[in-house]
Amino acid sequence: MSKNAKIAAGGVVVGLLLLIWLPWWAALLIVLGVPAAAYLALDPSQRRRLRRATRKELGR
């Protein structure tokens with residue numbers, strides 16, 4: 001299993017556990033809020049690099 005697949009599987013498990021222990025709206029807030037906060041924590045140059053890499057991959 002690749003590193004990205006392990007991270008994705010772990011994310012699914014954590015998401016399911018959050019849905020069991022927390023109300024659905026709190027779990028949704030965490031699932032959407034953590035990646036948004038991580039993106040906003042990047043420098044502007046890092047954000048540009050991330051957007052550029054994403055567009056290249058979409059053009060495959």
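Aromatic pairs are absent from this predicted model: the count across the structure is zero. An aromatic ring does take part in another kind of contact, however, since the charged end of R47 sits over the ring of Y39. The distance from that charged end to the centre of the ring is 5.4 Å.

Turning to the overall fold, the protein chain is built from three helices and has zero strands, giving the pattern α-α-α when read along the sequence. Burial is limited to 7% of the 60 residues. The accessible surface of the chain amounts to about 5,400 Å², and carbon and sulfur atoms account for 69% of that surface.

Part of this surface is a nonpolar patch formed by V12, L16, L19, W24, W25, L28, V31 and L32, which together offer about 890 Å² of accessible area. Two elements, α1 (3-21) and α2 (24-40), each give two or more residues to the patch. Helix α2 supplies the largest share, with five residues. V31, one of the patch residues, lies in helix α2. This valine counts as partly exposed because its relative accessibility is 45%, a value that falls between the 20% limit for buried residues and the 50% limit for exposed ones.

It is helpful to set these features beside the database record. An unreviewed UniProt entry annotates residues 12-42 as a "transmembrane region". In the model, the chain over residues 12-42 is 87% helix and 0% strand, and the C-alpha atoms at the two ends of this stretch are 24 Å apart.

Notes. Residues numbered from 1 in each chain as written. Predicted model: local features only at pLDDT ≥ 70, side-chain atom pairs only at ≥ 80, totals over all residues. Heavy atoms only, no water. UniProt positions renumbered as here; feature names shortened; annotations may be inferred. Helix = DSSP H or I, 4+ residues; strand = E, 2+ residues; numbered from the N terminus. Phe/Tyr/Trp six-rings, centres within 6.5 Å; stacked < 30°, edge-to-face > 60°. Lys NZ or Arg CZ within 6 Å of the ring centre and 35° of its normal. Buried < 20%, exposed > 50% of the residue type's maximum accessible area, 1.4 Å probe, protein only. Areas by Shrake-Rupley, 256 points an atom, 1.4 Å probe, with all protein chains shown as cover. Patch = residues over 30% accessible without salt bridge, like charges linked within 9 Å, V, L, I, M, F, W, Y side chains within 5 Å. Salt bridge = Lys/Arg side-chain N within 4 Å of Asp/Glu carboxyl O.
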